[in-house]
Each structure stands twice: as C-alpha cells, then as structure tokens.
Amino acid sequence: MPVHVIVGAQWGDEGKGRAVDVLARHYDYVARYNGGANAGHTVYLGNDPIKLHHVPSGVISGIPGILGNGMVIDLEILINEIHTLRSKGITPLLHISDRAHLTLPFHKEEDVLIDSLKAKYGMRTGTTRRGIGPTYQDKAARVSLRVGDLLHSERLDEKLRLLGDYHQKIIMALGGTFKEEWRSSVLKEKLMKQLNEIKSYIIDTVDFLNKALENGSFILAEGANGVHLDIDHGIAPYTTSSNTIAGAASTGLGIAPSNITEVYGVMKAYTTRVGDGPMPTELKNEVGKRIQMAGNEFGTTTGRPRRCGWLDLVLIRHSHLLNRFTRLIITKLDVLGGIEEIKVCNAYLHEEKGIITHVPSTLEELKQCIPQYITFDGWEALKPQEWKEICEQGYETLPKELRKYVEYIAKQCQVPIAFLTLGTDRGATIYVDLPTEIYH
Ligand code: IMP
C-alpha cells in the first residue's frame, strides 16, 4: 500500500506544515523521516499558531504521527511540544522510533563551537544551533545514543560515560567548557525523567509501519528542511546534516522505495533562505523587505529574518530532477499581492558555459551564475478574508495575472499542481485542475 512523500522544494520553510494540514486527513499516519529540532512548522488551530519542531503537523487533525528512525530527537524540545499541544486540548497520538538518535546538551554546544571555527575560515553554515550536525556525527561515528537505549539501563551507564568522555575531549579541543551537568550520572537522571514522559510512545516503527502498509494503511512521509539543504545535494557547507530528498523517506522510515507512489513538492511563490549560503535571486532591496514583512519571513526555530528573493525555477526544476515530483503545491501566493512587477528566474547565465538550467554542484561555479529573469504583471493585494472568499469560488476567480504566474510555473516544471494556498486559514486553499496541455 502506498507511501506518499511531501518535501520542500527550496531551502526549507516552504509551508510544508500548512500543506500537510490540508492533506493529512487522507492518510492513516504522518511520519517524519529526517532532521530534528532544526525543523519548524507553524500550524494554526483557528487563529492560534502552534510551532512544532518534531511532532508531524498531522497530529492537529488527530492523525497519528510517527517520529522515524532517520530523525534526531531533542527530548526537552519534544516534551515541550507535547505539553503545548495538551494545553490546547490536543492529545497527540505519537509513535517514536527506538532507532532514532538523541540530541544531547553537548551536541548543541559543539554545534556553536564548530560553526564559529568554520566562520574563521569564511565557511560558516549559520546552523540553527540545535545540535543537528554533531548528533548525526555521533551516528556516523557509532558512539551515539538511540531512543531505545533508554529502555536498557544495563548498557546505558557505559554509553553515557563513553559519550561524556568523547564529547569532553572534542569540546575542550574546540576551546569550549564541558559542563558538570553533562556528566553521565547527572545526564542519566535527566534522561530517565524525560523517558517517563515518552516511554509509552516508543516502539519499533519499522515493524509498525510495514505491518500498517500490509494492512492497507496510507502513510504520508513528511520531509523536514528542504531539498537544497540536503547533505549530498545542497551546496557544501551550506546544508543540513541529513538527506532531505524524497528518497530518504525509505531509509529514514525503513520502508522499501517501491512503496512510494506519490511525491509532493511544496514550493513558496518566491524564494527564502535562512542562514548562510548562496541564493542567486536574493533581493537586498525594498521589494525583498516588503516580501519579508508581508510573508512574516522570520525563522520558526530561531526567529532569524529569512532572506527573500524572486522565485528561482532553476532551483525547483533541479529539485524535480532529484525527487520526480508527481504534484506541486504552491504556497503564499497572496504575499506577492500589490507588487507591480514580479520576476521569475528561469535560467542562469554562467560566465564560461553560457545559459544553464540546473544548479551547479560547487559554490565556485554557482558564484559565476547570473539569474535570467522574465517579468510578470503583478496582482492586487487583498485582505485575508477576501482571498478566502475567492478560494471558496474556485481557481477561475483568481486574478488573471496570478493564474498566468501559476500556469507558467506548471508549464516550466511540467508537473501538475495539486493546490495553491493564499493565506494561513485552512479555507484559503484552492485545488487546481489545469488542462493537461498546460504541462506540455
Ligand atoms: P542545521 O540543520 O541546524 O545544521 O543548519 C544548517 C543550515 O540549514 C542552516 O543554514 C539552517 O538555517 C538551515 N536549516 C535547517 N533546517 C531548516 C529548516 O527547517 N528551514 C530552513 N532552514 C533550515
């Protein structure tokens, strides 16, 4: 039975939480397969925004959420999320993989120390400081702590002592201070308290998900971060530390690739990026500022302002190449309302190679690229309620300039569009059924 994957086609923050909120009710489970507390989804309960970092967005609609084996979990943050949801009257239905890895306090310290060292050499990533890289480093070095280890106290003491010893050496070598509270005995006490809060959620999610598939369940796999932050496919060192692309749903959940029958690509109507790294269509001007304010483009996890720019279709088509999207979801089209002329980058002009239509693999090459734009007439700025009313009446009632923009994207990417979002309210969603000629 099918697994459908949903991924962000840009640099994260594409509105995946909003898209999952629309889709979740069609599925039996929503499962996260990568990343950890670096991700941030804002979902709305009426007008009430709820920020989630680990918990899949579908839990708001009562759909059980799975935290898959590919995730790195910060228990302190996860438990806060669970408490927040309970305080809003939602009892989250969760299953946490016993194979997922734990982010511990010294990972966060190291994250900062490593990025500061990189900064000295002009190679800062600008991480979320949530300890993501160091946790995945431990996984690769095979010194990590998995969720399931908490259930086996006989080996836990040794593992925590090894981790303490290992990280003390690293932190001191990087010029930091290893805190007393990170020593194994103190840390164990804290972890045991946290375990009490989540014990009932811990299971072998690989076995669970595969049985669910055999029994005909539908699973939505929710990718975190964004395709161009993928550790293999993003531009180094400006990536996260996990694979973010749809293929990672297979390893990060323990389900065979042949189960994946649909891949949704979520893209924002413009481009944003948080942290360092190249962004060819960035607007360092009034228009960029306007998009930032209208789109409330401030990081859910860190509060940092997001860099804003025109839509970059080279980026999206490259994402399509890596993920083979079967459907696109375009979010935040309302944010561009009121801008007289809207530009879209559809190719790069490379100093030596001429016009190129893919993202080069190195920073040096990308720096030689100049975005090539085509210009669209803008559409009017409307109030949230006005967009919602238009959405109720259907696609044909959208401003014709906006439809032209959407249809250009569909044609350029040759991927059918599932739906558009024009506001944070669930009602501000339009399902699109464009004629097939559009895509050819
Ligand atoms: P890390 O994942 O915290 O190591 O951060 C690596 C890079 O990915 C930084 O530039 C972050 O700003 C960026 N990043 C990580 N997760 C997200 C996300 O969910 N949305 C947007 N940017 C992210």
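## A first stop on helix α5

Arg155 has a relative accessibility of 48%, so Arg155 counts as partly exposed. Please keep in mind that this is a predicted model. The side chain of Arg155 meets that of Glu158 in a salt bridge, with 4.0 Å from N to O. Both residues belong to helix α5, where they sit three residues apart, about one turn of the helix. Glu158, at 40% relative accessibility, is partly exposed too.

Helix α5, which covers residues 153–173, also holds Lys159. Which residue does the side chain of Lys159 meet in a salt bridge? The partner is Asp149, at 3.1 Å from N to O. Asp149 lies in the loop between α4 and α5, so this pair ties together parts that are ten residues apart in sequence. Lys159 is partly exposed, with a relative accessible area of 24%, while Asp149 is buried at 14%.

## Other salt bridges

Side chains of opposite charge can pair when their charged atoms come close. In this model the count of salt bridges comes to 24. One of them joins Lys400 and Glu401, whose closest N and O atoms are 3.4 Å apart. Here Lys400 is exposed, with a relative accessible area of 59%, and Glu401 is partly exposed, with 23%.

Salt bridges can also link up into a network, and here Asp13, Lys268, Glu297, Arg306 and Lys332 are joined in that way. Asp13 will come up again with the ligand, where a polar side-chain atom of Asp13 lies 3.2 Å from a nitrogen atom of the ligand.

## The ten-stranded sheet

Now let us turn to the strands. Strands of a sheet pair through backbone hydrogen bonds, either parallel or antiparallel. Here, ten strands form an open sheet with mixed pairing, in the order β9-β7-β5-β2-β10-β1-β11-β15-β19-β20. Which strands stand at the edges of the sheet? They are β9 (202–203) and β20 (429–431); each has a single partner strand, so one side of each is left without a neighbour in the sheet.

Strand β2 (residues 29–32) is a good place to look at side chains. Tyr29 and Ala31 point one way from β2, Val30 and Arg32 point the other way, and all are buried.

## Neighbours of β2

With strand β10 (residues 219–222), β2 pairs in the parallel sense over four bridges. Within that pairing, Arg32 has Glu222 of β10 as its bridge partner. With strand β5 (residues 65–67), β2 again pairs in the parallel sense, over three bridges, and Ala31 has Ile66 of β5 as its bridge partner.

From β5 you can step onward to strand β7 (residues 94–97), which pairs with β5 in the parallel sense over three bridges. Ile66 takes part here as well, and its bridge partner in β7 is His95.

Glu222 has a further link to follow. A polar contact of 2.5 Å joins its side chain to that of His41. His41 lies in strand β3 (residues 41–45) and is buried, with a relative accessible area of 5%.

## Around the ligand

There are 16 residues around the ligand, and those that come nearest are Asn38, Thr128, Asn225, Thr240 and Arg304. Two of these can be followed down to single atoms. In the side chain of Asn38, an N or O atom is 2.9 Å from an oxygen atom of the ligand. In the side chain of Thr240, an N or O atom is 2.6 Å from an oxygen atom of the ligand.

How much of the ligand does the protein bury? Taken alone, the ligand exposes 470 Å², and the protein buries 97% of that.

## A nonpolar patch on the surface

Our last stop is on the surface, where Leu117, Tyr121 and Met123 make a nonpolar patch of about 330 Å². To find Met123, look in the loop between α3 (105–120) and α4 (132–141). Is Met123 buried or partly exposed? With a relative accessible area of 42%, Met123 is partly exposed.

Note on methods. Residues are numbered from 1 along each chain as its sequence is written. This is a predicted model: local features need pLDDT of at least 70, side-chain atom pairs count only at pLDDT 80 or more; totals for chains, interfaces and linings use all residues. Side-chain values use heavy atoms; hydrogens and water are left out. Patches are made of residues with over 30% relative accessible area and no salt bridge: like charges are joined within 9 Å, nonpolar side chains (Val, Leu, Ile, Met, Phe, Trp, Tyr) within 5 Å. Accessible areas come from the Shrake-Rupley method with a 1.4 Å probe; for residues, only the protein chains shown count as cover. Helices (H or I, at least four residues) and strands (E, at least two) are DSSP runs, numbered from the N terminus. Buried means under 20% relative accessible area, exposed over 50%, partly exposed in between (1.4 Å probe, protein chains only). Two strands pair if DSSP finds at least two bridges between them. A residue is near a molecule or strand if one of its heavy atoms lies within 4 Å of it. A polar contact is a pair of N or O atoms within 3.5 Å; within protein, one must be able to donate a hydrogen and the other to accept it, and residues adjacent in sequence count only if both atoms are side-chain atoms.
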